[in-house]
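Let's walk through this fold together, one piece at a time. Keep the 3D view open beside you as you read.

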Amino acid sequence: MRKTMLATAAATLTVCSAALAQSTIIVDPAPTGSIVLPGEVRTYVMEQQVPSVVYEGDVVVGTTLPETVEIHEVPEMDGYAYTVVNNRRVIVEPQTHRVIQILE
């Protein structure tokens, strides 16, 4: 009987461990903040000739540009827009003007 109880306890622990392992969420401890752009978006943006706007402050991923900064949507690629700020090409979310990537 004791062996049966130990076997049952071991099986229960194994099942519980498996259940916990399946619900584990892995979080990147140091997110880079950059996204992987489709190649067509990067190529299109790099080929466009638009004037640079002057922006006071640092332009980094996560910066929300003012509504006064003109952005240009990438044709046939929903969710991508761009502008040139302080002579740097940046990809922004069209609705929020938040910088999602800086192209170098």
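Val85 stands opposite Arg88 in strand β3. Keep in mind as you look that this is a predicted model. The two residues belong to a hairpin of β2 and β3 with 2 residues between the strands, where Asn86 takes a positive phi near 50°. From this turn you can follow the pairing of β2 with β3, which is antiparallel and runs over 5 bridges.

Now step back to see where that hairpin sits. The protein has 2 helices and 4 strands, and from the N terminus on, its elements come in the order α-α-β-β-β-β. The 4 strands build an open sheet ordered β1-β2-β3-β4, with antiparallel pairing. At the edges stand β1 (72–73) and β4 (99–103); each has a single partner strand, so one side of each lacks a neighbour in the sheet. As for what holds such an arrangement together, strands of a sheet pair through backbone hydrogen bonds, in either a parallel or an antiparallel sense.

Start at the β1 edge. Here 2 bridges join β1 to β2 (residues 81–85), and the two strands run antiparallel. You can pick out the partners by eye: His72 stands opposite Tyr82 in β2, while Glu73 stands opposite Ala81 in β2.

Moving across to the other edge, β3 and β4 pair in the antiparallel sense over 4 bridges. In β4, Ile102 is the bridge partner of Val90. The hairpin of β3 and β4 has 6 residues between the strands, and His97 takes a positive phi near 65° there.

How much of β2 and β4 is covered? In β2, 5 of its 5 residues are buried. For β4, 5 of the 5 residues are buried too, so this strand is largely enclosed by the rest of the structure. That may seem surprising for a strand at the edge of the sheet, but the two statements concern separate things: β4 has a single partner strand, so one of its sides has no neighbour in the sheet, whereas the burial of its residues reflects the rest of the structure around it.

It helps to look at β2 from both faces. In a regular strand, the side chains alternate between the two faces of the sheet. In β2, Ala81, Thr83 and Val85 point one way, Tyr82 and Val84 point the other way, and all are buried.

Follow the first of these groups and you reach the largest nonpolar core, whose 10 residues are Val59, Leu65, Val69, Ile71, Ala81, Val85, Val90, Val92, Val99 and Ile102. Strands β2, β3 and β4 each supply at least two residues of this core. A second, separate core has 9 residues, including Leu37, Val45, Val74 and Ile91. Within the largest core, Val59 is a good residue to click on: setting aside residues up to four places away in sequence, Val59 touches Val85, Asn86, Arg88, Val90, Val99 and Ile102. So the pair we started with, Val85 and Arg88, turns up again among the contacts of Val59.

Next, turn to the helix. Helix α2 (residues 39–47) lies across β2, β3 (88–92) and β4, running at about 135° to β3. Which residues form the 1 aromatic pair that the structure holds? The pair consists of Tyr44 and Tyr82, arranged edge-to-face, with 6.1 Å centre to centre and 80° between the planes. Tyr44 is in helix α2 and Tyr82 in strand β2, 38 residues apart, and the pair links these distant parts of the chain. Tyr82 is buried, with a relative accessible area of 3%, while Tyr44 is partly exposed at 26%.

One more stop is the loop between α2 and β1, where you will find Thr63. Thr63 counts as buried because its relative accessibility is 13%, which is under the 20% cut-off. A polar atom of the Thr63 side chain lies 2.9 Å from the backbone oxygen of Val60. Leaving aside neighbours within four places in sequence, Thr63 is in contact with Tyr55, Asp58, His97, Arg98 and Val99.

Finally, consider the protein as a whole. Buried residues make up 25% of its 104 residues. Among contacts between residues at least 6 apart in sequence, 58% join residues at least 24 apart.

Terms used. Residues are numbered from 1 along each chain as its sequence is written. This is a predicted model: local features need pLDDT of at least 70, side-chain atom pairs count only at pLDDT 80 or more; totals for chains, interfaces and linings use all residues. Side-chain values use heavy atoms; hydrogens and water are left out. Two strands pair if DSSP finds at least two bridges between them. Contact means heavy atoms within 4.5 Å. Axes are lines fitted to C-alpha atoms, for helices over the stretch in contact, and angles run from 0 to 180 degrees between N-to-C directions. Rings of Phe, Tyr and Trp (its six-membered ring) pair if their centres lie within 6.5 Å; planes under 30 degrees apart count as stacked, over 60 as edge-to-face and the rest as tilted. Buried means under 20% relative accessible area, exposed over 50%, partly exposed in between (1.4 Å probe, protein chains only). A nonpolar core is a set of buried Ala, Val, Leu, Ile, Met, Phe, Trp, Tyr and Cys residues joined through side-chain atoms within 4.5 Å. A polar contact is a pair of N or O atoms within 3.5 Å; within protein, one must be able to donate a hydrogen and the other to accept it, and residues adjacent in sequence count only if both atoms are side-chain atoms.
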